[in-house]
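Biologist: Before we discuss any details, could you put the sequence and the model in front of us?

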Amino acid sequence: MEVTDIGNKEEGKVWHRKPTPGKGVLVTVIRTAQQAKTVRFLHVAFDTTGDSFLAGDHHGNIYVFDISRNRFRLVQKTGQACTALAFSLRRTTEFLVALADYTIKCFDKDTKQMVSWMRGHEGAISSISVHSSGRYAISTSLDTAQLWDLDTFQRKRKLNIRQSVGIQRVFFLPLSNTILSCFSDDSIFAWESDTLFCKYQLPVPDCGPKISYKAFAVTRDGKSLAAGGRSNLLHLWCLDSKQLIRVIQMPTQVRTVRQLEFLPDSFDGGASQTLGVLSQDGVMRFINIHTCRLLFHMGSHDDAIITVAVSPNGRHVVAVMDNGSINVYSVQSLTQELNKPPPSKVAVVSGGEPDQGLSNLKVKVRSDVIHRPAKTSGRRTQVKTLRPPAGSTAEDKENELPAGLNKKRLVALLKAFGEYPDKYRMFVWRSLLCLPENHAAYSSLTDKGLHSAYLTLHDKYPIKSHKLQRGLQRVLSALAHWAAIFGEVEYLPLVAFPFVKLFQNNPMLCFEVVATVIVNWCQHWFEYFPNPPLNILSMAENVLAHHDKELLQHLVDCGITSQLYVWPLLETLFSEVLTRDEWLRLFDSVFSNHPSFLLMACVAYITCCREPLLLCSQKQDFEYFFHHRNNLDVGAMIKEAYRLMGNTPADIHPKNMLSDFTPLTRGQYPVFNQYPEFIVEYQSREREKIRLQEMEYLRERQEVSALRADFVRRQAEEEAYHVQQELLQKAEEQRRNILAQEEEKLTQQRAKLAAMKRELKVKELQLLDATRSRFLKHQQDLRAKQIQGLDQEISRKMDLRERETAAAVQDLEVRQMELEAQRRRLEQHLLKEQERMGREVAEEVEARMRRAEREEESFTDLLHSTKTNMQALEESLAEACQLGLESDWQREVAERLQQVEAEQERKRERLAELHRQALAEEERLADTMRDVAGRKWGEVMSTRAQLQEQQLSSADKDTQRQMRIRSPCSTRGLPLPTAVSVGTNAVGPAVRPNSATSPKQARTSMVCLNSNSPSESTSTNFSLDRGRAQLDSSERELLKEIRALRQKLATRAREGSSASSQSVHTLSSVS
């Protein structure tokens, strides 16, 4: 046998090794919690397939064990022990759990969510039975059984019994709509599940010991019932014939039967033959009910069984053991003898020694009225009677009530005892009022929600219990939706409240009771709406006038009308002047009699209180009297009401003016329109208008309150802010004072520290002064030696610089002499060229003068302009040469000065290099002058060639013109000057005539150099003299610049020596 400990696992395998065929116990399941404590399993239940079963432990954990798949799973944690388990047959994933708090919860094993929560029991629930259709379920406790609708999870019926007669078990029979109820007095009744009509009562043996049935079992076909209890006898009934067919005696070891279970077989068609009997010794014995033989057993004295569950397919049996574990048995492995059907009326189980034989036991079954004998075995038993047979009188038919009750007998019982039993009062009232229980019609009324007239009911009628408040609100809203007048009647809450308090767990019954009371006992109340029913009050006043004229006269003398002494009793239905028990006793009689009995009860209340009323004279006293409880014998008042019902004359009797009792119609509630509709509609409109105004007022009031709350909140915040600021300021002042004190202390400490620092600084300064004086003296000595050396070096350099300057000046003078010599040679060359050109020009001038005389005055202007251009060209060329010489000399001098200033320390080598650079610059300058002069002369020659061409063309034109005018003089055009190439050699520039020009052109060119008049030659000589003057002036300016340069160099040398000396003195002073 394999043992599986599931511990705290939420899922896993049931067994880890496949069970060996032939073993009865497949697996034992235990659950151990912390510290190795065993958690006991309490109940088990199979599903419809027989492959899975539920198991619940005393910690409230519910597990599902799947035998076919070898899996278990934790599906719910309820937190409290379960008392019963059952699967829902319609929705296979849902199951019902009865808990220790007397409630039933429905869960879904797949989603692990709670589907519904059903309340209503006042004791522990012992069993749950589900109808074969899966729509209904019955839960059974010791004092009541309740029928639930599993589609809506609402309670449909409730069976209440007397405390002296407890309920053993109530369950559905398979494949039928029959409910079987078994009571503690061994009576067994069968009821129709839809109408709760009592179908039959099973006979019980009259003789023999009392069995006290505790355990019941029904076959799958619903045709056989087995019962056992505190005896070793088992009773077997045939439910088709409703007869006891067999009494089976168990072995002597069996003293009490705890549980009975039929073992199904696949081939028995539901007529099971094997019955399992669990006895007080913890052993479950399986017997054949036909052969009465013991087939096999499970459990033992050491390993006792507490409860079992048999799978619907008959393959497995699950047993909860005494040690809290679960054993799973395989039926196939336990036995093979299950289908041997030889019948037997009474037999003894052959597995043990036969006890006292019961072959002489006689079973008496009565066919008409089935009841228990008055006395059996010297003990008293109760008699339970079924409904009487169909052959009854017409009067009895009128007095017949639902659920098999008779009104005439109930009234007789009421007169005898004065009230109905508390346990059965609600049941009797429902029968007397013939409530239709129109679920659909009531649901249509409740679906409309709360009526607007009762939204603020709690303000006018505050009730401590919120549940009762909501119940009253729902019932009143349903009444208002049923008839419009009930939304306007102000005293309707007073009428309905007592019934709401009685039926607070069933609002539909409460609504139907109130509606029945209004339709029957409140007849003609609303004809004078909104005033009290004056006609009804007049009826009561007439009855009082007939039976007690003195009291009526006293009331009239005091000015008290029926609206003050009758209407307060009617509008509250005596709930203000009577206690709960007194009120229930009164309405037992009210509901059992004609609707006029309520008016007679009012008159009886007044007449029974005539003595204190005769003593009252003030209106306030009468008002207080009829709105508060008084010392009154309710029994005497009820008897007086019965007396008034019988002794009142017919002409004033309310019975003749009020209709007989009329129950509510089934399916739909009747139409109620016995009221002035126009008044009700007007009031409803006005009420709606007032309600809207109130809503607007409340909205505005809410806004004002919100603003006020906001203002108060802001004011509180401001006050809190100011308080906080004051606290912060105080704290800040405190901290400032603390800081001031600390700063004062710190200042004192700093003063002390500063004094110490000053002393140390003075000492340090004294040491530094001594050290600095010694160092300065040493530095002064060093600086004096350095200054002396620098002075010597400066004087040496100055001498050297003066010698270098003198040599440079001598070089410049030599160069000047050379330039002067070159200038003189150039002048001589120019004079020679001038003389030569003068001769050529003189010759040409003479020829030209002769030719010019013959030319017209117009040519003179042209020649004058040409000479002007030539002079400008010559002057520009001379100026360009002169400016080129000046700029070259200035640049050379500047470069030499810069080099001299930058290279003062390089001595003679640098001066020689500068001399070489000066010579190179002179050569470059000469080359540049030659190039410029060549370019200039080239331009002049090209210009003269163009002019000569123009003169030739003009000469041709003149010849042609002279020929036309036949002039004897022939003239030639003035040619342009020829080009002069200027070359360079060792001596100087030389002027050569162009070899390409003819002698005639040479003569012409010489003539161009000299003007036709003496003024032209004079201007030419003047230009040459001006060039020499410019050269002399440039030389003088160059010499002046050289002298200025020498002076600047000497000045800078002196400034540098003085600056160096000052820096030496400064360094010595700083050190």
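**Confidence and local packing**

Modeller: The chain averages a pLDDT of 79 (the predictor's confidence in each residue, from 0 to 100), and 81% of the residues score at least 70. This is a predicted model, in which local features need pLDDT of at least 70 and side-chain atom pairs count only at pLDDT 80 or more, while totals for chains, interfaces and linings use all residues. Residues are numbered from 1 along each chain as its sequence is written, and side-chain values use heavy atoms, with hydrogens and water left out.

Biologist: How are α5 and α9 oriented to each other, parallel or perpendicular?

Modeller: Helices here are DSSP runs (H or I, at least four residues), numbered from the N terminus. Helix α5 (residues 439–446) and helix α9 (residues 507–521) have axes, lines fitted to C-alpha atoms over the stretch in contact, that lie 11 Å apart at an angle of about 95°, on a scale from 0 to 180 degrees between N-to-C directions. Because angles of 65 to 115 degrees count as such, the two helices are roughly perpendicular.

Biologist: Which residues in α9 meet α5?

Modeller: Contact means heavy atoms within 4.5 Å. From α5, the residues involved are His439, Tyr442 and Leu445; their partners in α9 are Pro507, Met508 and Phe511.

Biologist: Does Asn593 count as buried or exposed?

Modeller: Asn593 sits in the loop between α14 (580–592) and α15 (597–608), where it touches Trp521 and Tyr642, not counting residues up to four places away in sequence. Its relative accessibility is 16%, and since buried means under 20% relative accessible area (1.4 Å probe, protein chains only), Asn593 counts as buried.

Terms used: Parallel < 35°, antiparallel > 145°, perpendicular 65-115°, else oblique. Buried < 20%, exposed > 50% of the residue type's maximum accessible area, 1.4 Å probe, protein only.
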